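Please open the model in a viewer and keep the selection tool at hand. The tour proceeds by selections, each followed by a description of what is found there.

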Amino acid sequence: MKIRRLIVMFLAVALIFAPQFVNTSNAAGTYSARLISPTAGQVLHPGQNVKVQWTSVLPHMDLNGCEAEVWLSLDGGRSFTMCITPILDPKAQFFYWTVPNLTTNAAVLDIRFGCEGWYPESFAPQPSSTFVIAKTAASH
């Protein structure tokens with residue numbers, strides 16, 4: 001009988017202190033990003049080296065173990081199938097990208113942020129900055 005009371009008391013104490021151990025990263029702020037370049041309607045050409053630049057608001061937390069990535073959509077943001085960066089420092093605000101030979105009138109970038117085990121992968125697609133990847137001169 002004493003063991004049953006001990007287990008009940010242990011569970012009650014655990015439930016009292018459990019909120020302290022729950023991931024509270026949402027309370028520390030939220031993530032958002034805004035693309036600066038390429039700009040809406042800009043025409044890029046395969047092989048061109050482009051500075052992709054953005055601003056972001058990161059949650060107020062220790063960023064150890066956190067990362068950022070940029071993904072490309074060729075269908076106006078319906079699907080993001082290609083990661084175009086290596087893993088970036090979450091404080092990064094730009095990288096240089098060699099435009100692939102993938103023609104589209106509806107390229108959209110998604111600037112993602114996350115921390116393994118601490119902050120969920122968060123998406124920041126930029127459909128208001130849709131740009132064009134033109135055909136190469138040889139493919140006309």
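Select Y31 to begin: Y31 is buried, with a relative accessible area of 12%, where buried means under 20% relative accessible area, exposed over 50% and partly exposed in between, for a 1.4 Å probe and protein chains only. The model is a predicted one, in which local features need pLDDT of at least 70 and side-chain atom pairs count only at pLDDT 80 or more, while totals for chains, interfaces and linings use all residues. Residues are numbered from 1 along each chain as its sequence is written, and side-chain values use heavy atoms, with hydrogens and water left out.

Add F113 to the selection. F113 also counts as buried, at 2% relative accessibility. A pair of aromatic rings is described by the distance of the centres and the angle of the planes. Rings of Phe, Tyr and Trp (its six-membered ring) pair if their centres lie within 6.5 Å; planes under 30 degrees apart count as stacked, over 60 as edge-to-face and the rest as tilted. By this rule there are five aromatic pairs. One of them is the stacked pair of Y31 and F113, with 5.2 Å centre to centre and 25 degrees between the planes. Because Y31 lies in the loop between helix 1 (2–21) and strand 1, and F113 in strand 7 (residues 104–115), the pair ties together parts that are 82 residues apart in sequence. Helices (H or I, at least four residues) and strands (E, at least two) are DSSP runs, numbered from the N terminus. Now include Y119, which forms one aromatic cluster with Y31 and F113.

Next, display the strands 1, 3 and 6. They form an open sheet in the order 1-3-6, with antiparallel pairing; two strands pair if DSSP finds at least two bridges between them. At the edges are strand 1 (32–37) and strand 6 (94–98), each pairing on one side only. Strand 3 (residues 49–57) meets strand 6 in the antiparallel sense over five bridges. Within strand 6, Y96 stands opposite K51, and F95 is the bridge partner of V52.

Show the side chains of strand 6. Which of them point to the face where they are buried? F95 and W97 do, whereas F94, Y96 and T98 point to the other face and are not buried.

Keep F94 in view and select K51. The charged end of K51 sits over the ring of F94, 4.4 Å from its centre; this requires NZ of Lys or CZ of Arg within 6 Å of the ring centre and within 35 degrees of the ring normal. For another such arrangement, select R112 and W71: the charged end of R112 sits over the W71 ring, 4.4 Å from its centre.

Move on to Q126, in the loop between strand 8 (119–122) and strand 9 (131–133). Is Q126 buried or exposed? Q126 is buried, at a relative accessible area of 6%. Its contacts (heavy atoms within 4.5 Å), leaving aside neighbours within four places in sequence, are A33, R34, L35, V108, L109 and I111. The side chain of Q126 reaches the backbone oxygen of A33 at 3.1 Å.

Finally, select the whole protein chain. The chain has one helix and nine strands, and 35% of its 140 residues count as buried.

Key
A polar contact is a pair of N or O atoms within 3.5 Å; within protein, one must be able to donate a hydrogen and the other to accept it, and residues adjacent in sequence count only if both atoms are side-chain atoms.
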